[in-house]
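Here is a friendly walk through one structure, with an eye on charged side chains and on where chains meet. Have a look at it first, then read on.

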Amino acid sequence: MQKSPFILEVKDLKKHFPIRGGLFFRRKGTVFAVDGVSFSLRRGETLGLVGESGCGKTTVGRCITWLYKPTSGTITYDGIDMAAIHGAGLRKIRKEVQMVFQDPFESLNPRHTVGHILEEPFIIHRIGNAQQRRRAVSRLLDRVGLPGSAMDRFPHEFSGGQRQRIGIARAIALSPKLLICDEPVSALDVSIQSQILNLLLDLQRESGFTCLFIAHDLAVVRHVSDWIAVMYLGQIVEYTDADTIYKAPLHPYTKALISAIPIPDPTAATHRQVLSGDLPSPSDPPQGCRFHTRCPFKVKMCEKTAPSLQPADTASSAPVHQVACHRAAELAQRQDKQPNLP
Amino acid sequence: MTGTDNRNTDGNTPLLAIRDLVVSFATDEGQRIRAIDGVCLDVKPGEILGIVGESGCGKSVTALSVMRLLPKPAGRIESGRIIFDNIDLAKLAPNRMRAYRGSRISMIFQEPMTALNPVHTVGRQLVEAVLLHKKNIGKKEAMSIAVEMLEMVGIPEPGRRMGEYPHQLSGGMRQRIMIAMALSCGPDLLIADEPTTALDVTVQAQILELIKRMQAGTGMSVIMITHDLGVIAETSSRVCVMYAGRIVETADVKTLFSSPAHPYTRGLLASIPRLGTRRKTRLPVIPGVVPSLSDLPPGCRFQNRCDRVMDICRSVPPEPTVVGTGHTAACHAIGM
């Protein structure tokens, strides 16, 4: 069988959470955390998933690692439908799909030594004997730039950046094929962020894993990604390669998101499109286009009909560019003022 | 407004002058560590001064010292002066500090949910603030001032919002309420401690615009504390860069970004990923980590991470050296 170029295919993924309360814990409403997300991830590449809090990006990551069971939709990993797999098959996937979490303070067991934390994946998957495992752990520490003496110390003895290195070491212990990084640098200081981003880039170059990089900071995501999907209220509103997303964004939300990023250059002219209002609640998303309540370009149709993610009909040179906006083509033609970027 | 008459209008006299401020904290082991050690800075009337640095560098401690809100009994001002309007706030009796805090110097915090009282309505908290500092007005008048303030910070339907509780509002709204409350008494100085760190980027843009608009409208001074150099570039006119309890560089914002002098500032500016940089390439980094405040090396505090470290850096702490007009940096390598 010909291997598909895609290691991961997500089709129409939905994850709804019930809101319960009152007498007998009745269902009072639903949070539409992820509501119809589809994308494919090519082997060895990195897809960046960006969006603001509550847009569902973390939920997507957790559905892929099977930490959440999707409400509907399919997740196909390496040609296998995740919903149909149990037992040994699932264990194999769990070994190949690993996750790096945002908070390196909460995702490491404080009572275990670093050596124990890093040895655990090998024990669970019954790999090697004690001596081999110990050697593997010290190799791991070396790969993520920690001293071998770290093995016998506890997580609290390390700084945030070092702890994230431990988290990354654990995630790459079993040589995963797919690494899901959920906001891996947002809890870290600026000077440490770049160290961790470099480490992730180096490791990917060495081992060639595929990466789903979830973060809210578009500048960070763009730096490590090949492709970018912008999410808003549980849906992808724009998908294209990481250069096109900031050179020629089409969706009004993407444009606003880019123009809202404070540029570390006081001489940069900002053509800021400040969005009015707040993110609507994902438990009560607006009818029609979900962005219409904040969109400066909305027309009647946007309030009624939800736009679907369509290939953008523009002259731009991007080979793949999808956008969910009724007026994308028209707005692109109007050559709206783009923010000046350094 | 309180304090309007004796407001500093002379552009050269600083509104706030901090000199050689040393603040220490007690650790669990019974030692005292210096969270800030010899901080000197000026805030001129009508300017936005940015203080930038990473966690633990002492930027918030500096702000809390000015407000005299250091956690007690752990935090203590050891020495130094905080001169505000010819008064040394560092030595002011707590009851006299109340005449300044909230009315002439206000502060907004990173997480508005923890700064607002969850069991009182927004209106009640705003009215309380107004009544506390303006003695000769009635409750009705205070109410109308509060509604006016909410309108000014861009809250839709301010009358209705007055009756709502903080949890009913979004993060951006809460921060607007905090700003309304902080500005209700017309302060001369607003200290904003990471005011947008907890907010989404599109809401952050709104709040930064609001702070800039309010500053321009009232002519107050603002201290903008942040870890985000982007926020600094967009809001501040002058910047202090802090590292491990000391100010390492001070300059006007354009100079700082175009010709940073201190190796730390340079490293920091180089290491941030920007939208224009080449993708998937290694970013320049500052190696290593910030030294622990309880175990500082003698000499320069940046020595273990500096690419220009010399012998003198390991023994003598560098003093601020003039680099250009209004531009100082504490580094031995300057002028060499």
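Leaving aside its neighbours within four places in sequence, which residues is B:Arg174 in contact with? The list runs B:Glu111, B:Pro112, B:Met113, B:Leu116, B:Pro166, B:His167 and B:Leu169. Keep in mind that this is a predicted model.

B:Arg174 sits in helix α7 (residues 171-183) of chain B. This arginine is buried and yet has no salt bridge. B:Glu111 offers the nearest side chain of opposite charge, and that one is 4.5 Å away. A salt bridge needs the nitrogen and the carboxyl oxygen within 4 Å, so a gap of 4.5 Å does not count as one. There is a backbone partner, though: a polar atom of the B:Arg174 side chain lies 2.9 Å from the backbone oxygen of B:Leu169.

**Salt bridges**

Now for the charged side chains that do pair up. Over all chains, a search of the whole structure turns up 32 salt bridges. Here are some of them, with the N to O distance for each.

| Salt bridge | N to O distance |
|---|---|
| A:Arg43 and A:Asp78 | 2.8 Å |
| B:Lys280 and A:Asp226 | 3.0 Å |
| A:Asp243 and B:Arg279 | 3.2 Å |
| B:Glu78 and B:Arg32 | 3.5 Å |

Take the pair within chain A: A:Arg43 forms a salt bridge with A:Asp78. A:Arg43 lies in the loop between β2 (26-42) and β3 (46-50) of chain A, while A:Asp78 is in the loop between β4 (72-77) and β5 (80-81), so the pair ties together parts that are 35 residues apart in sequence. Are these two buried or partly exposed? A:Arg43 is partly exposed, with a relative accessible area of 30%, whereas A:Asp78 is buried at 19%.

Chain B has a pair of its own, with B:Glu78 and B:Arg32 meeting in a salt bridge. This one links distant parts of the chain, going from B:Glu78 in strand β4 (residues 75-84) to B:Arg32 in strand β2 (residues 32-43), 46 residues apart. B:Glu78 counts as partly exposed at 36% relative accessibility, and B:Arg32 is partly exposed too, at 33%. Elsewhere in chain B, a network of salt bridges links B:Arg34, B:Asp37, B:Arg246 and B:Arg301.

**Where the chains meet**

How many salt bridges are counted between chain A and chain B? The count is three. One pair that crosses between the chains runs from A:Asp243, in the loop between β10 (235-241) and α8 (244-247) of chain A, to B:Arg279, in the loop between α11 (263-271) and β11 (321-324) of chain B. A:Asp243 is partly exposed, with a relative accessible area of 25%. The side chains of B:Lys280 and A:Asp226 also meet in a salt bridge.

The contact takes in 47 residues from chain A and 43 residues from chain B. About 3,900 Å² is buried between the two chains, and carbon and sulfur atoms give 56% of that area. On the chain A side, A:His223, A:Pro264 and A:Pro266 supply 17% of the area that chain A buries against chain B, more than any other three residues.

Polar contacts are part of the picture too, with 25 residue pairs across the interface (both at pLDDT 80 or more). On chain A, the helices α6 (190-207), α7 (218-224) and α9 (252-260) each supply at least two residues of the side that touches chain B. α6(A) gives the most, with eleven residues. By class, that side of chain A has 22 nonpolar, 14 polar and eleven charged residues.

Note on methods:
Residues numbered from 1 in each chain as written. Chains lettered and ligands numbered in written order. Predicted model: local features only at pLDDT ≥ 70, side-chain atom pairs only at ≥ 80, totals over all residues. Heavy atoms only, no water. Helix = DSSP H or I, 4+ residues; strand = E, 2+ residues; numbered from the N terminus. Buried < 20%, exposed > 50% of the residue type's maximum accessible area, 1.4 Å probe, protein only. Contact = heavy atoms within 4.5 Å. Buried area = accessible area lost by both parts, 1.4 Å probe. Polar contact = N/O pair within 3.5 Å; in protein donor to acceptor, adjacent residues only side chain to side chain. Nonpolar A, V, L, I, M, F, W, Y, C, P; charged D, E, K, R; others polar. Lys, Arg positive; Asp, Glu negative; His and termini not counted.
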